[in-house]
Amino acid sequence: MVFDRFLKRKKLPEETVFSEPIDLGKMQLTMKNVKEVLKKSDAVLRESVIFAETEIPFLLCFINELTDKQMVSEYILQPLLDNKKIDQMKNEKEVVQYIKKGGLYFCQQTIRHHINDAVTDILNGYTVIIFDKEKIAFSFNTKEFARRNIEEPSENIVKGSKDSFVESLKDNKGTIRRKIRTYNLVMDELTIGEQSRVPVAIIYIDGIANKAIVEEVKKKIGLIHVASSVSVGTIQEALVERNMSIFPQVFTTERADIFCADIIEGRVGVLIDGIPVALLVPVTIASFLQAPEDYSQNYVTGSLLRFLRYVLMLVTLLLPGFYISITTFHPEMIPTELAVSIAASKEGVPFPIFVEVMLMLVAFEILIEAGVRLPKPIGQAVSIVGALVVGEAAVNAKFVSPGVVMVIAITAIASYTMPSQDFSNALRVWRFILALLASAIGLFGLSIGGILFVHGLASIESIGVPYLAPFAGTKKSEWLDTMVRAPMKYHLLRPLFLKSPNTKKSRGGQR
């Protein structure tokens with residue numbers, strides 16, 4: 001019925017005409033064409049004349065909200081209109097040559113020959129001057145808009161730099177330049193997004209980063225065609241090798257020190273204008289189980305904490321399924337006293353253990369989601385109080401047994417130790433899968449799930465690098481910076497799986 005009413009709706013009037021999108025590739029760089037393209041925007045389009053021996057028309061264009069108008073007046077308009085040298089010139093060609101040679105004394109000046117480049121600069125906050133006869137435009141960086149100061153990142157910091165990335169691509173590039181002071185640092189910019197036209201910077205060190213990896217990243221980002229705004233997810237999906245895998249294949253961070261350390265190691269970074277998050281490729285599973293603070297403390301302590309994370313990864317992944325298996329299918333594996341205790345605590349609970357575990361896992365996920373969506377002060381209170389109230393109420397109401405509450409509590413705490421939230425989210429999904437397999441055929445199902453889990457990891461590649469490197473396919477000497485953190489004097493070479501042209505690296509500052 002609804003569909004029938006939709007078909008019988010009144011059609012639009014015949015005189016209603018929608019404008020066709022403008023194809024900039026077929027247009028010449030002229031004042032008329034630029035005004036036609038920007039007529040629906042709030043761009044300032046000022047047509048003026050230089051009073052040389054012959055009057056020379058030009059068009060000045062900028063976006064009012066994105067441009068420093070005082071800079072436009074003092075450093076562009078005034079030198080252009082009140083210049084005695086220009087007044088003596090005979091034609092437009094002489095004026096253009098004069099500006100090309102730096103006659104306006106503006107340090108950030110770019111020449112444009114295509115209307116697409118000129119319009120993109122205008123929409124990015126640049127001031128553009130267009131000359132008709134020469135079919136040329138001069139673009140001046142006069143961007144000025146509200147921006148957020150560099151602050152402490154949301155990622156926890158024990159010992160380390162407290163500056164984070166912000167929304168301004170220019171500020172982020174400056175932060176990286178301050179930390180990596182080498183002339184080999186390359187920052188290539190691309191523009192993506194058919195409507196948003198967002199600048200994206202690809203950052204690497206020439207001579208350290210593998211050229212094949214750099215070219216692959218540029219190729220994948222260059223193939224992005226989205227009509228909507230560009231987000232971190234847009235870049236991530238373009239860079240991944242297997243879109244069906246739930247495991248992160250791109251490392252994201254707000255911390256500039258982590259980003260710079262990985263760039264020095266030989267990885268390739270991506271920064272998006274307007275987004276305070278950086279992306280790094282290629283990555284391995286070890287990338288998501290390391291923390292910057294591992295290198296800021298004694299190597300023994302750092303090694304123990306790192307090894308503990310690997311153990312806790314297995315705990316948060318396998319514990320619910322293991323508890324279901326031994327209590328449901330293999331009770332003979334439980335010590336007698338513990339088995340009696342579990343049976344006594346389960347008295348009066350109407351649900352089987354599998355249902356109890358799944359109910360508590362779902363409740364745990366709901367509490368996490370509520371804590372994320374609510375404002376920070378309220379979200380923390382909801383997570384803590386909610387867990388206590390829900391757990392105690394569920395036990396008192398005989399919905400679940402105390403043993404299940406303890407198992408889920410240990411599972412939850414173990415998941416909080418993962419340094420990467422993206423990797424932790426993947427473990428949360430697999431936790432449900434393993435619990436379901438364990439509920440079907442016990443430890444055999446858990447073993448099958450474990451094999452599928454490892455197979456899934458082994459089949460992933462990040463820009464040609466195996467996800468399980470350096471545990472598979474590389475030298476055992478590289479294990480010194482995986483499950484443990486060896487003393488810095490042994491960190492003499494870059495990871496072999498990155499295939500860097502320069503394998504030697506400095507001893508400090510690595511993530």
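The following dialogue examines how several descriptions of this predicted model are justified.

Student: What makes the pair of phenylalanine 247 and phenylalanine 423 tilted?

Tutor: The ring centres of phenylalanine 247 and phenylalanine 423 lie 5.9 Å apart, with 45° between the planes. Rings pair if their centres lie within 6.5 Å, and planes under 30 degrees apart count as stacked, over 60 as edge-to-face and the rest as tilted. The value of 45° therefore makes this pair tilted.

Student: Why is this pair said to tie together parts of the chain?

Tutor: Phenylalanine 247 belongs to the loop between α9 and β8, whereas phenylalanine 423 belongs to helix α16, so the pair joins parts that are 176 residues apart in sequence.

Student: Why is the pair of phenylalanine 247 and tyrosine 467 called tilted?

Tutor: The planes of these two rings stand at 55° and their centres are 6.5 Å apart, so the pair of phenylalanine 247 and tyrosine 467 is tilted. This pair also links distant parts of the chain, since tyrosine 467 lies in the segment after β12, 220 residues from phenylalanine 247.

Student: How do you know whether phenylalanine 247, phenylalanine 423 and tyrosine 467 are buried or exposed?

Tutor: Buried means under 20% relative accessible area. Phenylalanine 247 has 5% and therefore counts as buried. Phenylalanine 423, at 0%, is buried, and tyrosine 467, also at 0%, is buried. These three residues are among the members of one aromatic cluster, which also includes Phe251, Phe288, Trp430 and Phe453.

Student: Why is strand β7 described as largely enclosed?

Tutor: Eight of the eight residues of β7 (residues 198–205) are buried, so the rest of the structure largely encloses this strand. Both faces are covered: Val198, Val200, Ile202 and Tyr204 are buried on one side, and Pro199, Ala201, Ile203 and Ile205 on the other.

Student: How do you know which strands pair with β7?

Tutor: Two strands pair if at least two bridges are found between them. Eight bridges join β6 (residues 185–192) to β7, and these strands run antiparallel. In this pairing, isoleucine 192 has valine 198 as its bridge partner. Four bridges join β7 to β9 (residues 268–272), also antiparallel, with valine 200 opposite isoleucine 272.

Student: What makes β1 and β3 edge strands?

Tutor: The open sheet of five strands has the order β1-β2-β4-β5-β3, with antiparallel pairing. Strands β1 (43–51) and β3 (109–112) each pair on one side only, and they are the edge strands. Within the sheet, three bridges join β2 to β4, and leucine 59 stands opposite isoleucine 130 in β4.

Student: What makes the backbone at lysine 135 and lysine 499 notable?

Tutor: Most residues other than glycine have a negative phi, and most peptide bonds are trans. Lysine 135, in the loop between β4 and β5, has a positive phi of about 55° although it is not a glycine. Lysine 499, in the segment after β12, likewise has a positive phi, near 50°.

Student: Why is lysine 135 called partly exposed, and why is lysine 499 called exposed?

Tutor: Exposed means over 50% relative accessible area, and partly exposed lies between 20% and that value. Lysine 135 has 32% and is therefore partly exposed, whereas lysine 499 has 61% and is therefore exposed.

Student: Which peptide bonds into proline 282 and proline 470 are described, and in what form?

Tutor: The bond from valine 281 to proline 282 is cis, with omega near -10°. A cis peptide bond also joins alanine 469 and proline 470, with omega about 5°. Proline 282 is found in the loop between β10 and α11, and proline 470 in the segment after β12.

Methods: Residues are numbered from 1 along each chain as its sequence is written. This is a predicted model: local features need pLDDT of at least 70, side-chain atom pairs count only at pLDDT 80 or more; totals for chains, interfaces and linings use all residues. Side-chain values use heavy atoms; hydrogens and water are left out. Helices (H or I, at least four residues) and strands (E, at least two) are DSSP runs, numbered from the N terminus. Rings of Phe, Tyr and Trp (its six-membered ring) pair if their centres lie within 6.5 Å; planes under 30 degrees apart count as stacked, over 60 as edge-to-face and the rest as tilted. Buried means under 20% relative accessible area, exposed over 50%, partly exposed in between (1.4 Å probe, protein chains only).
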